[in-house]
Amino acid sequence: MRKPFIAGNWKMNMTVASGTKLIEELKPLVKDANCDVALCVPAILIPAMKKAAEGSNIEIGAENMHWAKSGAFTGEISADMLKDYGVKYVIIGHSERRQYFGETDETVNKRTLAALEAGLTPIVCVGELLEERENGKTEAVLDRQLKVGLNGIEDITKIVIAYEPVWAIGTGKTATDEQAQETIAYIRKKIGELFCPKCAEKIIIQYGGSMNAGNCKGLMAQPDIDGGLIGGASLKTDFATIVNFDK
Ligand code: PGA
């Protein structure tokens, strides 16, 4: 059985004060969750948010990391630095990184392998653009992102995949329950082909893209959707409603 996993992605939002306040509010609201819960936050907020979440079931994760162990990479952060603060999860290859910061399937692969090597759990994001969906290219795009991005992973069940159709991110335009289910089932099948059928049954695959307190129940009721990667709605206590989707 796959344990559901709801993760927030704060993106470039929040400060020490506002983030701490939100975590304090969320703690009692999510304490009886039946799923794993994480908030991925800007790197500079990790120490303070880790402190705020102490003693709770909220894990603090990162939003990106570099693949090198150390070196001349101004502005970057390594896996070891994240581990110093007890970080467990790191988002890799979010569509905003792909769109604005030159992330490719190859660099997604390097970061993912480095995260696993360091013992972190990467949340690897995949998903098609609107024009790719409209031109019937969704499966071809996912094939490429999965094949190249996940190349060389020994135990695929150690990663989490987030399927985030780019047209649904921050737009308020969620994929329908059926679209999300159908595409995530396709990703699971592909993982079975690329890795092993048993791994495909075990791997956690989240949906992301305008998931909110109102639509989470329908999405989470789908057999292949194991969780959510939540942007906008993770900046407020609505996040707790999503975490408690089964209540
Ligand atoms: P959204 O973002 O929930 O605001 O659409 C999701 C994400 O980008 O991970």
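**Notebook: burial, fold, pocket and single residues**

I began with burial, and of the 247 residues of the protein, 53% count as buried. I note at the outset that I am working from a predicted model, and that every value entered here is computed from it.

**Overall build.** I looked up the secondary structure next and found 11 helices and 8 strands in the protein. For the extent of the fold I took the C-alpha atoms along the principal axes, where they fill a box of roughly 45 × 45 × 35 Å. I then asked what radius of gyration a compact globule with 247 residues would have. The expected value is near 18 Å, and the protein has 17 Å, so the two agree.

**Largest pocket.** I turned to the largest pocket, for which I noted a volume of about 530 Å³. Its lining is made up of 18 residues, and those that lie nearest the centre are Lys11, Glu63, Asn64, Arg97 and Phe101. Sorting the lining by residue class, I entered 8 nonpolar, 5 polar and 5 charged residues. Which element gives the most to this lining? I found that helix 4, residues 95–100, does so, with 3 residues.

**Around Phe101.** Since Phe101 is among the residues nearest the pocket centre, I looked at what its ring meets. A search of the whole structure for aromatic pairs returned 3 of them. In one of these, the ring centres of Tyr100 and Phe101 lie 6.4 Å apart with the planes at 85 degrees, and because an angle over 60 degrees counts as edge-to-face, I entered the pair of Tyr100 and Phe101 as edge-to-face. I checked the accessibility of both partners, and Tyr100 and Phe101 are each exposed. Phe101 has a charged partner as well, for the charged end of Arg97 sits over its ring, 4.2 Å from the ring centre; Arg97, like Phe101, is listed among the residues nearest the centre of the pocket.

**Positive phi.** I looked up two residues other than glycine with a positive phi. Lys11, which I had already met near the pocket centre, has phi near 55 degrees, and its place is in the loop that runs between strand 1 (5–9) and helix 1 (16–30). For Ser210 I also read a phi near 55 degrees, and I found this residue in the loop between strand 7 (204–208) and helix 10 (216–220). Is Ser210 buried or exposed? Its relative accessibility is 16%, which is under the 20% limit, so I counted Ser210 as buried.

**Helix 8 and its surroundings.** Gly192 belongs to helix 8, residues 177–194, and at 15% relative accessibility I entered Gly192 as buried. I also took its separation from Ile225, and the two are 33 residues apart in sequence and 16 Å apart in space, C-alpha to C-alpha.

Ala175 is in the loop between strand 6 (160–163) and helix 8, and with a relative accessible area of 5% it is buried. From Ala175 to Asp238 I noted 63 residues in sequence and 19 Å in space, again C-alpha to C-alpha.

Cys196 has its place in the loop between helix 8 and helix 9 (197–202). Its relative accessibility is 24%, which lies between the limits of 20% and 50%, so I entered Cys196 as partly exposed. How many residues separate Cys196 and Asp155 in sequence? I counted 41, while the C-alpha atoms of Cys196 and Asp155 are 9.7 Å apart in space.

**Strand 3.** My last entry is for Glu59, whose place is in strand 3, residues 58–62. At 26% relative accessibility, Glu59 counts as partly exposed. I compared its position with that of Val37, and although the two are 22 residues apart in sequence, their C-alpha atoms are 6.2 Å apart in space.

How values were computed:
Residues are numbered from 1 along each chain as its sequence is written. This is a predicted model: local features need pLDDT of at least 70, side-chain atom pairs count only at pLDDT 80 or more; totals for chains, interfaces and linings use all residues. Side-chain values use heavy atoms; hydrogens and water are left out. On a 1 Å grid over the protein atoms alone, a cavity is a set of points where a 1.4 Å probe fits but cannot get out, and a pocket is an open set with protein on both sides within 12 Å along at least five of seven lines; lining residues have an atom within 4 Å of a point. Grid points are joined across faces, edges and corners, and a volume is the space filled by probe spheres set on the points. Helices (H or I, at least four residues) and strands (E, at least two) are DSSP runs, numbered from the N terminus. Ala, Val, Leu, Ile, Met, Phe, Trp, Tyr, Cys and Pro count as nonpolar, Asp, Glu, Lys and Arg as charged, and the others, Gly among them, as polar. Rings of Phe, Tyr and Trp (its six-membered ring) pair if their centres lie within 6.5 Å; planes under 30 degrees apart count as stacked, over 60 as edge-to-face and the rest as tilted. Buried means under 20% relative accessible area, exposed over 50%, partly exposed in between (1.4 Å probe, protein chains only). A charge sits over a ring if NZ of Lys or CZ of Arg is within 6 Å of the ring centre and within 35 degrees of the ring normal. The radius of gyration is taken over C-alpha atoms; the globule rule is 2.2 Å times the number of residues to the power 0.38.
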